[in-house]
Amino acid sequence: MNTPSRRIAVVIATLTLAGLTTACGAIGNAVDCNQVSSEVTKIMNDFSGSMAKVASDPKALETAGDEAAGKIKTLAGNYDGELASALNDLASGLDGLKIDAENPSATMESVQKMQGFVTKIQSACS
């Protein structure tokens, strides 16, 4: 079954995880960025695992997004500057995810913004 909800979940997971695996390359920030990358990847893996429910329960996306956003916000509290800002942006993006059955393209627009958040995290770590 390839419902809009399922496609959205797959896109979220793909964009977020693909970007974070290369997010941290700066020598001066290597320890912090590697730790951030590892922690965010774990949070997003948990989020992705919750996506199996989205096809049968669109509200699962909201719940999973809210939980992931809370964890990312907590993580952001450990940092400052651009990195904290980038993490808070990712958290805000996750916090606002909803599936509108009548307008799935609106949800896809929100999902596509995730790549921008990932890019901002990468930039903060370079």
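**Close-up views of a predicted five-helix chain**

**View 1. Leu94 and its surroundings in helix H4.** Leu94 is found in helix H4, which covers residues 81-95. The model shown is predicted. With a relative accessibility of 0%, Leu94 counts as buried, because this value lies under 20%. Leaving aside residues up to four places away in sequence, Leu94 touches Met44, Phe47, Gly65, Asp66, Ala68, Ala69, Ile72 and Met114. One of these partners, Ala68, is 26 residues from Leu94 along the chain, yet the two C-alpha atoms are separated by 6.9 Å.

**View 2. The largest nonpolar core.** This core has 32 residues, and those that touch the most other members are Val40, Phe47, Ile72, Leu83, Leu87, Leu90 and Leu94. Two or more core residues come from each of helix H2 (30-50), H3, H4 and helix H5 (104-124). The most come from H3, which gives eight residues. In soluble globular proteins, nonpolar side chains tend to be buried together. Ile72 touches Val40, Ile43, Leu87, Leu90, Ala91 and Leu94, not counting residues up to four places away in sequence.

**View 3. Helix H3, residues 59-76.** Of the helices in the chain, H3 is where confidence is highest, at a mean pLDDT of 89. The 18 residues of H3 should span 26 Å at 1.5 Å a residue, and the end C-alpha atoms are indeed 26 Å apart, so the expected and modelled lengths agree. Buried positions in H3 are Ala60, Leu61, Glu62, Ala64, Gly65, Ala68, Ala69, Ile72, Leu75 and Ala76.

**View 4. The Lys59 and Glu62 pair within H3.** The side chains of Lys59 and Glu62 meet in a salt bridge, with an N to O distance of 3.5 Å. Both residues lie in helix H3, three residues apart, which is about one turn of the helix. Is each partner buried or exposed? Lys59 is exposed, with a relative accessible area of 51%, whereas Glu62 is buried, with a relative accessible area of 18%.

**View 5. Helix H4 along its length.** For the 15 residues of H4, a rise of 1.5 Å a residue gives an expected span of 21 Å; the end C-alpha atoms are 21 Å apart, so the two values agree. Leu83, Ala84, Ala86, Leu87, Leu90, Ala91, Gly93 and Leu94 are buried in H4. Among them, Leu83, Leu87, Leu90 and Leu94 belong to the group of core residues that touch the most other members.

**View 6. A salt bridge between H4 and H5.** Asp89 forms a salt bridge with Lys120, in which the closest N and O atoms are 2.6 Å apart. Asp89 lies in helix H4 and Lys120 in helix H5, so this pair ties together parts that are 31 residues apart in sequence. Asp89 counts as partly exposed at 26% relative accessibility, and Lys120 is partly exposed with a relative accessible area of 32%. Elsewhere, salt bridges that share partners join Lys42, Asp46 and Lys71 into one network.

**View 7. A salt bridge between H2 and H3.** A search of the whole structure finds five salt bridges. In one of them, the side chains of Asp46 and Lys71 meet at 3.9 Å, N to O. Asp46 is in helix H2 and Lys71 in helix H3, so the pair ties together parts 25 residues apart in sequence. Asp46 is partly exposed, with a relative accessible area of 36%; Lys71 is partly exposed as well, at 42%.

**View 8. The N-terminal part and the chain as a whole.** Helix H1, residues 4-20, is where confidence is lowest, at a mean pLDDT of 55. Over residues 21-31, pLDDT stays under 50, and the model has 14 contacts beyond four places in sequence for this stretch. Where pLDDT is low, the predicted coordinates should not be read in detail. The chain averages a pLDDT of 74, and 72% of the residues score at least 70. There are five helices and zero strands in the chain. Buried residues make up 41% of its 126 residues. Among contacts in the chain with a separation of 6 or more, 73% are accounted for by residues 24 or more positions apart. The accessible surface of the chain comes to about 6500 Å², and 51% of this belongs to carbon and sulfur atoms.

Conventions: Residues numbered from 1 in each chain as written. Predicted model: local features only at pLDDT ≥ 70, side-chain atom pairs only at ≥ 80, totals over all residues. Heavy atoms only, no water. pLDDT = per-residue confidence, 0-100. Helix = DSSP H or I, 4+ residues; strand = E, 2+ residues; numbered from the N terminus. Contact = heavy atoms within 4.5 Å. Buried < 20%, exposed > 50% of the residue type's maximum accessible area, 1.4 Å probe, protein only. Core = buried A, V, L, I, M, F, W, Y, C linked by side-chain atoms within 4.5 Å. Expected span 1.5 Å × (residues − 1). Salt bridge = Lys/Arg side-chain N within 4 Å of Asp/Glu carboxyl O. Areas by Shrake-Rupley, 256 points an atom, 1.4 Å probe, with all protein chains shown as cover.
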